[in-house]
Amino acid sequence: MLGGAGFLGSHLTDRLLAEGHHVIVIDNYITGSPENLSHLRGNKSFCFIKQDVTRELSIPGRIDFVFNFASPASPIDYLQLPIQTLKVGALGTHKALGLAKKKKARFLLASTSEVYGDPLEHPQKESYWGNVNPIGPRGVYDEAKRFAEAMTMAYHRAHGVDTRIVRIFNTYGPRMRLGDGRVVPAFIAEALNGEPLTVFGDGMQTRSFCFVSDLIEGIYRLAMSDEIDPVNVGNPVEMTVLDFARVILKLTGSRSAIDHQPLPADDPKVRQPDISRARKCLNWEPRVGLEEGMRQTIDYFKSRLKTGRRVKKI
């Protein structure tokens with residue numbers, strides 16, 4: 001599991017262990033956290049290696065799966081770490097695929113809805129090629145993932161590596177970083193701190209939010225399936241960012257105002273997955289409702305505040 005100390009990687013690690021697998025996590029903590037794996041200390045089925053995945057990966061013994069979740073994944077991260085983001089998407093994916101090839105292991109790439117850019121097709125199907133600005137500030141992440149997908153398919157076609165690609169849409173839940181910068185932790189942080197919720201533009205841009213347990217279920221099913229082509233995994237229920245801000249104010253009981261700020265460059269106007277392929281091939285669709293999932297996430301953030309960790313305003 002590459003990037004297993006991150007938000008999604010740590011949850012998938014838990015799922016794999018629960019299914020009876022032995023898991024080796026490789027992470028350099030550039031955006032992940034040791035706390036996400038602290039509950040696994042003493043677990044004989046778990047091993048951790050601190051390493052940059054852009055370097056040679058040498059792991060003795062049998063390996064059945066290589067899960068590549070190594071990458072900065074929020075705008076605040078990849079805008080501060082543009083070179084590292086490009087390197088992990090290119091060199092890191094190359095090293096990970098090399099390991100899978102050597103071990104004859106199944107490889108799963110954690111890709112993203114960002115490969116669709118600011119989409120001209122709505123909702124987004126896996127057949128859509130995207131509308132990406134390769135030289136814009138978000139291009140470092142978008143193109144890193146698009147390259148990683150191309151590399152994955154090249155290894156599948158040229159070397160016969162058994163590959164899977166999941167395109168992950170907006171996901172939220174416990175273990176998100178307090179200063180993550182994405183809309184869910186940003187809004188919850190501001191609401192709990194009694195600060196204005198920062199809405200970019202008029203707030204009419206749309207997003208869809210998938211709870212982490214639903215996402216992990218979809219990823220696990222894909223890993224165990226025979227589906228080679230990319231699969232969207234996310235929640236197709238779409239809402240405006242402004243409406244989402246109002247949901248957070250309601251659930252937190254906050255009286256914070258809403259503060260409109262200029263829209264960042266290349267910010268997607270719409271984001272909604274077409275999950276027809278996931279429904280057909282994986283018999284999967286999300287089950288956790290927005291309010292249920294958000295209450296769990298808000299409770300997690302509140303617990304972090306109680307330990308003296310002030311949530312930073314983004």
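This passage walks through a predicted model, starting with its sheet and moving on to a helix, the cysteines and some backbone details.

A good place to begin is the open sheet of 4 strands, whose order is β3-β4-β5-β10 and whose pairing is parallel. The edges are taken by β3 (65-68) and β10 (231-233); each has a single partner strand, so one side of each is left without a neighbour in the sheet. On average, and with direction ignored, neighbouring strands of this sheet are turned by 25 degrees against each other.

Strand β4 deserves a closer look. Its pairing with β3 is parallel and runs over 4 bridges, and here Phe67 stands opposite Leu108 of β4. Towards β5, 6 bridges join residues 106-112 of β4 to residues 163-168 of β5, and these two strands also run parallel. Two facing pairs help to locate this contact by eye: Phe107 is opposite Thr163 in β5, and Ser111 is opposite Arg167 in β5.

How many of the residues of β4 are buried? The count is 7 of the 7, so the strand is largely enclosed by the rest of the structure. The side chains are shared between two directions: Arg106, Leu108, Ala110 and Thr112 point one way from β4, while Phe107, Leu109 and Ser111 point the other way, and all are buried. Helix α4, made of residues 139-159, lies across both β4 and β5 and runs at about 155 degrees to β4.

Further along the chain comes helix α9, which covers residues 290-306. With 17 residues at 1.5 Å a residue, a span of 24 Å is expected for α9, and its end C-alpha atoms are indeed 24 Å apart, which agrees. The buried residues of α9 are Gly293, Met294, Thr297, Ile298, Tyr300, Phe301 and Arg304. Viewed down the axis of α9, these buried residues fall within an arc of 155 degrees, so they line one face of the helix. The general rule behind such a pattern is that an α-helix has 3.6 residues a turn, so residues three or four places apart point the same way. Among the elements that cover the buried residues of α9 are β6 (171-172), α5 (183-192), β9 (210-211) and α7 (241-252).

The cysteines come next. A search of the whole structure finds 0 disulfides. Cys210 is in no disulfide, and the nearest cysteine sulfur, that of Cys281, is 17 Å away. Cys210 is buried, with a relative accessible area of 0%, whereas Cys47 is partly exposed at 36%.

Finally, a few backbone details can be picked out. In general, most residues other than glycine have a negative phi, and most peptide bonds are trans. Against that background, a cis peptide bond joins His122 and Pro123, with omega at about -5 degrees. Pro123 is found in the loop between β4 and α4.

Where is Asp266 found? Asp266 sits in the loop between β12 (258-261) and α8 (276-282). Although Asp266 is not a glycine, its phi is positive, at about 65 degrees. Asp266 is partly exposed, with a relative accessible area of 32%. Asn283 is not a glycine either, and it has a positive phi of about 50 degrees. Asn283 lies in the loop between α8 and α9. With a relative accessible area of 61%, Asn283 is exposed.

Definitions and conventions. Residues numbered from 1 in each chain as written. Predicted model: local features only at pLDDT ≥ 70, side-chain atom pairs only at ≥ 80, totals over all residues. Heavy atoms only, no water. Expected span 1.5 Å × (residues − 1). Buried < 20%, exposed > 50% of the residue type's maximum accessible area, 1.4 Å probe, protein only. Arc of directions from axis to C-beta. Contact = heavy atoms within 4.5 Å. Pairing = 2+ DSSP bridges. Axes fitted to C-alpha atoms, helices over the stretch in contact; angles between N-to-C directions. Disulfide = S-S within 2.5 Å.
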